[in-house]
Amino acid sequence: MAPKLLLLGGTTEASLLARTLAARGVEAVFSYAGRVSSPKAQPLPTRVGGFGGVTGLVQYLQEHNITHVVDATHPFAAQMSWNAYEACQQVGTDLVALTRPAWQAQAGDHWRPVADIDGVVDALAGEAKRVLLALGKLNVPAFAAQPQHHYVLRLVDQPEVTPELPHHTVVVARGPFDVAGDRALMQKHGIEVVVCKNAGGIGAEAKLTAARDLGLPVIMIDRPALPPRGDVATAEAVLDWLAG
Ligand SMILES: NC(=O)c1ccc[n+]([C@@H]2O[C@H](COP(=O)([O-])OP(=O)(O)OC[C@H]3O[C@@H](n4cnc5c(N)ncnc54)[C@H](OP(=O)(O)O)[C@@H]3O)[C@@H](O)[C@H]2O)c1
């Protein structure tokens, strides 16, 4: 039976894989969570929105005769990754993750690692600073606990509700980003601290180089625990896995 693939996306790497699959004529459906108002168009049939937990995903896999699932979600999208793992186990569908190594601090970096968002909020106790939050809209409310800072929020969409932070600036921008642009952003806003997730990969790495160039400290959130699925690092390796 020819493979029919479900590609769980939302990352630069997933979009690159979609191009490879389309170019090779692999039958595949691209899936977005629906977090952003106008997601990047894909060269594959695309569905948008949650499946309805593990039960909903099991049903989707069965109804659409999915033979293979590639989890190319962001490493912090742990709920989706666990759901995919459990649903594929239940149905017996092959699963692989397209992953990227975590970023490693280099000479000249001033990183403070923390376990989660609460760890960032604790690390920000103290005098008022200008802080770049490169985190996504869902994490913004937690920073109300440290209201003294001026937060620069880099978000994909203009927020529908004004963030409840007394001092903030919203910058609407969508990756992938480049070093010159990120350095200019940090200089323009007088950034003193950068907060980000250890996403790894290419789409969001520029801010780390920019922070290093400017000698800025980075509060780096460690990755959450992910399921014990097999993983590959490139689109070509996904094709090899499909062929195997
Ligand atoms: N977390 C981040 O920092 C981050 C950064 C960049 C991009 N993203 C992308 O944004 C999306 C949402 O991330 P998240 O952290 O909110 O995810 P999450 O917490 O792991 O997932 C929450 C729920 O959203 C739905 N969902 C997530 N990804 C989906 C996908 N690709 N297709 C269909 N439904 C999906 C699922 O709903 P049901 O249970 O109803 O199926 C899932 O249970 C992901 O696709 C991820 O790749 C996330």
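Helix α2 (residues 53-63) passes helix α3 (residues 78-91) in a right-handed crossing, the near helix being turned clockwise from the far one by less than a right angle. This is a predicted model, in which local features need pLDDT of at least 70, side-chain atom pairs count only at pLDDT 80 or more, and totals for chains, interfaces and linings use all residues. Residues are numbered from 1 along each chain as its sequence is written, and side-chain values use heavy atoms, with hydrogens and water left out.

**Helix pair α2 and α3**

- The axes, which are lines fitted to C-alpha atoms over the stretch in contact, with angles from 0 to 180 degrees between N-to-C directions, come within 9 Å and cross at roughly 50°.
- That angle makes α2 oblique to α3, since angles under 35 degrees count as roughly parallel, over 145 as roughly antiparallel, 65 to 115 as roughly perpendicular and the rest as oblique.
- Contact (heavy atoms within 4.5 Å) involves residues of α2 including V54, L57 and L61, and residues of α3 including A84, A87 and V91.

**Strand β11 and its neighbours**

- Four of the five residues of strand β11 (residues 217-221) are buried (under 20% relative accessible area, 1.4 Å probe, protein chains only), so the strand is largely enclosed by the rest of the structure.
- Strand β6 (residues 110-114) runs parallel to β11 and is joined to it by five bridges, with V114 as the bridge partner of I221.
- Strand β10 (residues 193-197) also runs parallel to β11, through four bridges, and K197 stands opposite I221.

Definitions and conventions:
Buried < 20%, exposed > 50% of the residue type's maximum accessible area, 1.4 Å probe, protein only. Helix = DSSP H or I, 4+ residues; strand = E, 2+ residues; numbered from the N terminus. Pairing = 2+ DSSP bridges.
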